[in-house]
Amino acid sequence: MFKGSMPALVTPFTPDGELDLPALEKLVDWHIAQGTHGLVPVGTTGESPTLSHEEHRKVIEEVIRMAAGRLPVIAGAGSNSTREGIGLVQHAQAAGADAALVVTPYYNKPTQAGLIAHYAALHDASDLPIIIYNIPGRSVIDMTPETMGELAKLPRIIGVKDATGKLERVSMQRATCGADFVQLSGEDATALGFNAHGGVGCISVTANVAPKLCAEFQEATLAGDYAKALEYQDRLMPLHVAIFLEPGVAGAKYAMSRLGLCTDRVRLPLVGLSDATKARIDEAMAHAGLI
């Protein structure tokens with residue numbers, strides 16, 4: 001169920017910074033028409049740190065309703081408070097999500113034993129499959145392959161979104177977690193190599209902007225056609241780079257605004273892009289054939 005191209009969905013805002021639910025519905029329908037394989041609302045790219053709990057729940061409920069079973073929805077449900085995380089995972093299950101994406105607790109700096117206890121508590125609190133989100137560049141903590149292997153023994157810890165940027169981790173985690181453990185890249189630029197090592201997809205920022213290209217890229221890798229996948233990589237790589245010259249969600253929203261999909265509004269402390277970055281994104285979109 002969980003493979004291919006899955007956008008880390010942006011949360012569209014009105015020009016005055018409120019949730020734009022009509023734009024969100026437009027995005028869901030567009031992604032389905034473009035061949036996206038799954039949706040991941042209210043992750044970091046969905047600006048979860050600046051959404052209220054009510055907004056967080058609303059976006060998840062609405063994306064599930066809008067998707068209407070046409071593709072899987074993995075709900076962002078991470079927190080650095082285990083108690084809060086339990087509530088988010090339980091809400092995701094009640095709302096009808098297919099899985100929850102749970103980031104390693106940021107700022108607190110738990111030990112590997114603390115990570116096991118955190119994920120075990122969330123696992124035991126619901127019947128929803130859980131995908132670990134390992135992103136040490138933001139959370140500071142790096143879950144080791146050995147720790148992940150211990151968690152993989154729990155029946156509903158089913159996979160990982162790996163944003164370490166270390167391609168060897170896929171092979172190491174195959175050794176500790178098993179070949180059936182769902183390994184999804186969390187880094188667009190290295191998704192090609194990630195799948196070559198045994199990954200099965202990407203929770204992608206760029207797929208917010210180029211869902212058809214990202215879906216076809218993933219399909220090529222999963223079919224073992226790496227020559228075709230490399231052609232897509234060459235088209236997409238400048239966009240992968242340009243979107244992240246400043247915080248990725250700001251880059252993605254600017255590019256989406258160029259396509260008429262939503263406003264480029266982000267919430268403080270994020271701000272809009274510099275003119276230089278906008279120009280780089282425009283160039284990359286043209287290179288990819290999007291504008």
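Helices and strands here are DSSP runs, numbered from the N terminus, with at least four residues for a helix and at least two for a strand. Keep that in mind for the exercises below, and remember that this is a predicted model.

**Exercise 1. Find out which elements line the largest cavity, and what kinds of residue they bring.**

Step 1. Start with the count: the structure holds two cavities of 30 Å³ or more. The largest cavity has a volume of about 60 Å³.

Step 2. Pick out the lining residues in your viewer. They are Ser-5, Asp-188, Ala-191, Cys-202, Ser-204, Cys-214, Phe-217, Gln-218, Leu-236 and His-240.

Step 3. Now match the lining to the elements. Strand S7 (201-204), helix H9 (211-222) and H10 each supply at least two residues. H9 gives the most, with three residues.

Step 4. Sort by class: five of the lining residues are nonpolar, four are polar and one is charged.

**Exercise 2. Describe the lining of the second largest cavity by class.**

Step 1. This cavity has a volume of about 40 Å³. Among the residues around it are Asp-162, Lys-166, Leu-167, Glu-187 and Phe-194.

Step 2. The lining divides into two nonpolar, five polar and three charged residues.

**Exercise 3. Locate the centre of the largest pocket and say where its lining comes from.**

Step 1. The largest pocket has a volume of about 980 Å³. It is lined by 45 residues, and the closest to its centre are Gly-43, Thr-44, Thr-45, Tyr-133 and Arg-138.

Step 2. Look at the elements around it. Helices H2 (53-67), H3 (82-95), H5 (136-139), H10 (226-243) and H11 (248-258), together with strand S3 (99-103), each supply at least two lining residues. The largest share, three residues, comes from S3.

Step 3. Finish with the classes: 23 nonpolar, 15 polar and seven charged residues make up this lining.

**Exercise 4. Work out whether each partner in the Lys-58 and Glu-62 salt bridge is buried or partly exposed.**

Step 1. A search of the whole structure finds nine salt bridges. In the one between Lys-58 and Glu-62, the closest N and O atoms are 3.6 Å apart.

Step 2. Because Lys-58 and Glu-62 are four residues apart in helix H2, about one helical turn separates them.

Step 3. Apply the cut-off: buried means under 20% relative accessible area. Glu-62 has 12%, so Glu-62 is buried. Lys-58 has 34%, so Lys-58 counts as partly exposed.

Step 4. Widen the view: Lys-58, Glu-62 and Arg-65 are linked in a network of salt bridges.

**Exercise 5. Compare the surroundings of two further salt bridges.**

Step 1. The side chains of Arg-169 and Asp-142 meet in a salt bridge at 2.6 Å, N to O. This pair links distant parts of the chain, 27 residues apart: Arg-169 is in helix H7 (residues 168-177), and Asp-142 is in the loop between H5 and helix H6 (145-151).

Step 2. With 8% relative accessibility, Arg-169 counts as buried, whereas Asp-142 is partly exposed at 23%.

Step 3. Turn to Glu-150 and Lys-153, whose closest N and O atoms are 3.0 Å apart in their salt bridge. Glu-150 counts as partly exposed at 41%, while Lys-153 is exposed, with a relative accessible area of 60%.

**Exercise 6. Which residues form a nonpolar patch on the surface?**

Step 1. The patch consists of Met-237, Val-241 and Leu-245, with about 210 Å² of accessible area together.

Step 2. Leu-245 sits in the loop between H10 and H11. Its relative accessibility is 40%, so Leu-245 counts as partly exposed.

Notes. Residues numbered from 1 in each chain as written. Predicted model: local features only at pLDDT ≥ 70, side-chain atom pairs only at ≥ 80, totals over all residues. Heavy atoms only, no water. 1 Å grid on protein atoms, 1.4 Å probe; cavity = no way out; pocket = protein on both sides within 12 Å on 5 of 7 lines; lining within 4 Å. Points joined across faces, edges and corners; volume = space filled by probe spheres on them. Nonpolar A, V, L, I, M, F, W, Y, C, P; charged D, E, K, R; others polar. Patch = residues over 30% accessible without salt bridge, like charges linked within 9 Å, V, L, I, M, F, W, Y side chains within 5 Å. Areas by Shrake-Rupley, 256 points an atom, 1.4 Å probe, with all protein chains shown as cover. Salt bridge = Lys/Arg side-chain N within 4 Å of Asp/Glu carboxyl O. Buried < 20%, exposed > 50% of the residue type's maximum accessible area, 1.4 Å probe, protein only.
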